[in-house]
Amino acid sequence: MTICTAMTIIVIALFLIPVLLESSMYLLIRRPGLLRMFSRRFRNSISYLYIQGDRKIMQYQKGCGRYSPDLGYTLNPGTFAYSEIEFTNEYHINSLGVRDTEKALDAPEIILLGDSFALGWGVDAQETFIKVLEKKTGLTTLNTCVPSFGTVREMIMLRKADRSCLKCLILQYCADDYDENRLYFQNGNQPQLMREETFEKIVNYFGRPISYYPGKYLRLKIRKKLNALKPANKPTTSDATCPDEVELFVHVLKQNADLLTGIPLIVFELSGINQTNDFTRKLREKIKTPGEPSFIREMIILDIAAGLEENHYYVLDGHLTPEGHRIIADVLYQTLFRANIY
């Protein structure tokens, strides 16, 4: 083989390998069913590309979210469709800005607080675990969940709801709640909310059409690798002395004792397929601490993730499938029965 031939082969290889890699990633993102044949680690790597490069953010799509001075945003009253590669669903939003009927605002017996996992991102409204639970129990429910809400805004939303006939609160925690709860603590128990002009700028940015261009996924891969090589930012003094996620969560609840005292409170974590159970384990230890108020000591803590398997999450998007919601509804039904709430 001559040097010229060898150089030609190398040049062709250097061209073909990136093309094959990019083509493979493009195909897998658009045929997510194929991903289930691969390891979770590989699926996570492809899911990362989809989330960073293709997935829309519901609340920042035009017509889907609206500005709220005391919540930052809610969903936009009316009806809109939200589609991704793995699903298409209609969202009917009431005057409170949440995914439920107008009738559900009238003295619900169960109120659900949470983010996109509990909202039912990726499933129809009647397939969400709160509405499956309503059908099982006959108790009226209100789904107040909004994507990316943390515990702080969930408590603000609860204050807006009719609690006159409330029999139970169900609160879904997500690991992403940490930042919102931390800022609340560091700001002297004041929520940090965006201004209207900031919300509009975000909507204009994220509302743009998402398009594909050659090399898109390789670029995301390379950027991720380069970011991993950067030295981690040193925590600030305030961050270093900040309580952990469980302490912050309980702190927010304590600031809302007037809402929570005397009402059965069910708490569980949903943070996606890769979540650990550290929050649940630590919270169970925390409520045993002497001196905690009764509504903290008596909260019911569930390990929801233990009953969920990989096929109960969308492989790319990471939110729950209808079957995942049915499993959670069954766990909640049994919990309500044991607690004599139903």
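This is a short walk through the interior, one helix pair and several individual residues of a predicted model.

Let me begin with the interior. The largest nonpolar core has 41 residues, and those with the most contacts inside it are F249, L253, L283 and M299. Helix α10, which runs over residues 245-254, gives this core its largest share, namely five residues. To see how one of these residues sits among the others, take L283, which, when residues up to four places away in sequence are not counted, touches V246, F249, V250, V267, M299 and I301. Apart from this core lies another, made of 39 residues, and among them are C64, F80, F117 and L336.

Staying with α10 for a moment, how many of its 10 residues are buried? The count is seven, and the helix is mostly covered; the buried residues are V246, L248, F249, V250, H251, V252 and L253. At the N-terminal end of α10 there is a cap, D244, which has a side-chain oxygen 3.2 Å from the backbone nitrogen of V246.

A residue in a strand also reaches this helix. L265 lies in strand β8, residues 265-269, and it counts as buried because its relative accessibility is 4%, where the cut-off for buried is under 20%. If we leave aside neighbours within four places in sequence, L265 is in contact with L169, L171, L253, M299 and I300, and two of these names, L253 and M299, you have already heard among the core residues with the most contacts. By way of distance, the C-alpha atoms of L265 and N181 are 19 Å from each other, with their positions 84 residues apart along the chain.

That brings me to helix α6, residues 177-186, where D177, E180, N181, R182 and Y184 are buried. What about F185, which lies in the same helix, α6? F185 has a relative accessibility of 34% and so counts as partly exposed. Leaving aside its neighbours within four places in sequence, F185 is in contact with C242, P243, L248 and H251, and of these, L248 and H251 are buried residues of α10. F185 and V252 are 67 residues apart along the chain, yet their C-alpha atoms are separated by 7.9 Å.

After α6 comes G188, whose phi is positive, near 70°. N189, in the loop between α6 and α7 (196-206), also has a positive phi, near 65°, and here the residue is something other than glycine. With a relative accessible area of 26%, N189 is partly exposed. A further positive phi in a residue other than glycine belongs to S148, where the value is near 70°; S148 is found in the loop between β6 (141-143) and α5 (151-160), and it is partly exposed, with a relative accessible area of 46%.

Next, a pair of helices. At what angle do α2 (residues 40-53) and α8 (residues 216-229) pack? The angle is about 105°, with the axes 10 Å apart, and the two helices are therefore roughly perpendicular to each other. On the α2 side the residues that meet α8 are S45, Y48, L49, Q52 and G53, while α8 brings K216, Y217, L220, K221, R223 and K224. By residue type, this contact divides into four nonpolar, three polar and four charged.

I will finish with two loop residues. H319 has its place in the loop between β9 (300-302) and α14 (322-338), and it is buried, with a relative accessible area of 5%. Its side chain makes a polar contact with the side chain of S116, at 2.7 Å. Without counting residues up to four places away in sequence, H319 touches R55, S116, F117, W121, H312, Y313 and Y314, and F117 is one of the residues of the 39-residue core.

The other loop residue is E109, which is placed between β4 (87-93) and β5 (110-113). Is E109 buried or exposed? E109 counts as buried, at 16% relative accessibility. A polar atom of the E109 side chain lies 2.8 Å from the backbone nitrogen of T140, and T140 is also among the residues in contact with E109 once neighbours within four places in sequence are left aside, the full list being G138, L139, T140, C165, L166, K167 and C168.

How values were computed
Residues are numbered from 1 along each chain as its sequence is written. This is a predicted model: local features need pLDDT of at least 70, side-chain atom pairs count only at pLDDT 80 or more; totals for chains, interfaces and linings use all residues. Side-chain values use heavy atoms; hydrogens and water are left out. A nonpolar core is a set of buried Ala, Val, Leu, Ile, Met, Phe, Trp, Tyr and Cys residues joined through side-chain atoms within 4.5 Å. Buried means under 20% relative accessible area, exposed over 50%, partly exposed in between (1.4 Å probe, protein chains only). Helices (H or I, at least four residues) and strands (E, at least two) are DSSP runs, numbered from the N terminus. Contact means heavy atoms within 4.5 Å. Axes are lines fitted to C-alpha atoms, for helices over the stretch in contact, and angles run from 0 to 180 degrees between N-to-C directions. Angles under 35 degrees count as roughly parallel, over 145 as roughly antiparallel, 65 to 115 as roughly perpendicular and the rest as oblique. Ala, Val, Leu, Ile, Met, Phe, Trp, Tyr, Cys and Pro count as nonpolar, Asp, Glu, Lys and Arg as charged, and the others, Gly among them, as polar. A polar contact is a pair of N or O atoms within 3.5 Å; within protein, one must be able to donate a hydrogen and the other to accept it, and residues adjacent in sequence count only if both atoms are side-chain atoms.
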